[in-house]
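Open the model in your viewer with the cartoon and the side chains available, and keep the sequence panel beside it. The tour moves from one selection to the next, and at each stop it says what is there.

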Amino acid sequence: MTYDLRHLLGRAVEHAATYRQSLTENSGKPQVGYYDMRAALAAPLPDTGSAPEAVLEELVRVAEPGLMPMAGPRFFGFVIGASHPAGVAADWMVSAWGQNAGYHTPTPAAAAMEEIAEGWLVDILDLPQGSSVGFVTGATVANAVGLSAARTKVLLDAGWDVDADGLFGAPEVTVLVGDDAHSSVFSALQMIGFGYRRVTRIATDGQGRMRPDSLAAEIGKASGPKIVIAQAGQINTGAYDPFGEIVEIAHAHQAWVHVDGAFGLWARATPELKHLTESIEGADSWVTDGHKWLQVPYDSGFAIVRDREVHQRAMTQWGSYLPSINQGDRVPSAFVPELSRRARGMPVWAMLKTLGRSGVAELVDRHCGFAKQFAARLGAEPDIRIMNEVTINQVIVNFGEGDAAVRKAATEAVIARVQQDGVCFVGGAAWKGDWVMRISVSSGETTADDVDMSADAIISAWRTVRANR
Ligand SMILES: Cc1ncc(COP(=O)(O)O)c(C=O)c1O
């Protein structure tokens, strides 16, 4: 099929720029919901192909009404980042260059850039020099990679080679995890054969922080290999575990300490907030996302391991057709589960170049300031309660009065109304017996005016809900 390459790619650029520019207006919801989108797209597999330009036009025409404005300034659901245009442009180049970035010698630019980005990440996050970074799709997979490295090491120390011999017959590993850990940690445990139920859950405080006294009590009961999973940035409250005490207790019991810091690890990049992560560098593996606070487009997560030998041991695959490796070479696929993959290091390199150390710090500080602005605006309204200590970018809010069930109904009604109004997007979650509205500030596009406009929309939704009760 013939087509005009420049015209095709130029049209994609045009559509992308037009869409991005529309996001300040349309920031809270898709115009068409999932079921209608599915109906609109339902069609049999075409027998014959179509011109690429026509397919692109159809793709944009059909998809755009069903896009959630996640890259916009007033999307506060999940912790989503917003894919900075510089990262998007770099990501386009990654697709255009079409490098299979699994190996180093066939793709020198991709491999070298990822190696530089590895060093920059370890530097900006102030983790132990020489730590290795696996460039994966996100924190869920990064958790699986970090915990695989943990599994390798604690079992090797117990005389068992889990990478070669698997878990059947292996010494039992005790996994200790905070009661308010993110769901992805349990998913990672499931993937690597530990099971999400077969863990010792450690009690947490009102903000979701692991309690060191409970950890000490539980770890004291365990014998054999142990892994402790801590958290930097609880998904609802943004709270940080007390890493100094956790690392000390865990290491006194020869346990590996893994930290899920999918968004919260970025507090290390700003002098204002770094204290929240004090002693985190004493852990053995860490996880964070590029597609959250670094504003890299999806998919971008990092599995960081202090002991790069162990990291590689847990991930490396071998094949006679793959290029040979010299001493000191860094093979991108040796730190991740996949062989073939896109050049994930390139947009990370581009975003770290675009923002620099000071730009990342300013971004994180700005978002945390916006979270405080939200809390101040909403907390001043009668019967709106801020349910967390707002230390970073997370605010959780509960509406109404009376018992938890009544407040849950009110909170759900406010969330539904806000989503319907479409000025901004917020979601909900269960938190310590209550239902809360979650507000996560993590888009580089958000301004103080967006926060005010969104707070107005939330307050107005609450007043309507209250008036209609
Ligand atoms: C604390 C925490 N861990 C893990 C994850 C999962 O990250 P991902 O969606 O990139 O896999 C998230 C996502 O929000 C998170 O907040």
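## First stop: strand β6 and its partners

Select β6 and look at its two faces: Ser285, Val287 and Asp289 lie on one side, Trp286 and Thr288 lie on the other, and all of these residues are buried, so that both faces of the strand are covered. This is a predicted model, and the burial described here is computed from it. Because five of the five residues of β6 are buried, the strand is largely enclosed by the rest of the structure.

Next, add the strands that pair with β6. On one hand there is β5, which runs parallel to β6 and is joined to it by three bridges; to find the register, pick His258, whose bridge partner in β6 is Ser285. On the other hand there is β7, which pairs with β6 in the antiparallel sense over five bridges, and here Thr288 has Phe302 in β7 as its bridge partner.

## Second stop: the seven-stranded sheet

Now widen the selection to the whole sheet, which is open, has mixed pairing and consists of seven strands in the order β1-β7-β6-β5-β4-β2-β3. Which strands stand at the edges of this sheet? They are β1 (132-136) and β3 (200-202), and since each has a single partner strand, one side of each is left without a neighbour in the sheet. If you turn the view along the sheet, neighbouring strands are turned by 20° against each other on average, direction ignored.

At the edge formed by β1, the strand pairs with β7 in the antiparallel sense over five bridges, and Val136 stands opposite Gly301 in β7. Although β1 is an edge strand, five of its five residues are buried. Colour Ser132, Gly134 and Val136 for one side and Val133 and Phe135 for the other, and you will see that both faces are covered.

At the edge formed by β3, strand β2 (residues 174-178) is the neighbour, pairing with β3 in the parallel sense over three bridges, with Gly178 opposite Ile202.

Show helix α6 (residues 139-157) next, which packs on this sheet and touches β1, β4 (226-231), β5 (256-260), β6 (285-289) and β7 (301-305). The direction of α6 makes about 180° with that of β5.

## Third stop: a pair of helices

Select α9 (residues 212-221) together with α10 (residues 243-252), which pack at an angle of about 10° with their axes 10 Å apart. Angles under 35 degrees count as roughly parallel, and α9 and α10 are therefore roughly parallel to each other. To see the contact itself, display Pro212, Leu215, Ala216 and Ile219 in α9, which meet Glu245, Ile246, Ile249 and Ala250 in α10.

## Fourth stop: Gly81

Move to Gly81, in the loop between α3 (52-63) and α4 (85-97). Is this glycine buried or exposed? At 0% relative accessibility, Gly81 counts as buried. Leaving aside residues up to four places away in sequence, Gly81 touches Met70, His291, Lys292, Gln295, Ser442 and Ser443. A distance worth drawing is the one to Asp289, which is 208 residues away in sequence, while the two C-alpha atoms are 9.4 Å apart in space; Asp289 is also one of the buried residues of β6 seen at the start.

## Fifth stop: the four-stranded sheet

Select the second sheet, an open one with antiparallel pairing, in which four strands follow the order β8-β9-β11-β10. Its edges are β8 (384-386) and β10 (427-431), each with a single partner strand, so one side of each is left without a neighbour in the sheet. The twist from one strand to the next averages 40°.

Within this sheet, β10 and β11 (residues 434-440) pair in the antiparallel sense over five bridges, and the bridge partner of Ala429 in β11 is Val436. Then add helix α13 (residues 404-421), which lies across β8, β9 (394-399), β10 and β11 and runs at about 30° to β11.

## Last stop: the whole chain

Finally, zoom out to the complete protein chain, whose secondary structure comes to 14 helices and 11 strands. Its radius of gyration is 23 Å, close to the 23 Å that the globule rule gives for 469 residues, so the chain is as compact as a globular protein of that length. Of those 469 residues, 51% count as buried.

Notes
Residues are numbered from 1 along each chain as its sequence is written. This is a predicted model: local features need pLDDT of at least 70, side-chain atom pairs count only at pLDDT 80 or more; totals for chains, interfaces and linings use all residues. Side-chain values use heavy atoms; hydrogens and water are left out. Two strands pair if DSSP finds at least two bridges between them. Axes are lines fitted to C-alpha atoms, for helices over the stretch in contact, and angles run from 0 to 180 degrees between N-to-C directions. Contact means heavy atoms within 4.5 Å. The radius of gyration is taken over C-alpha atoms; the globule rule is 2.2 Å times the number of residues to the power 0.38. Buried means under 20% relative accessible area, exposed over 50%, partly exposed in between (1.4 Å probe, protein chains only). Angles under 35 degrees count as roughly parallel, over 145 as roughly antiparallel, 65 to 115 as roughly perpendicular and the rest as oblique.
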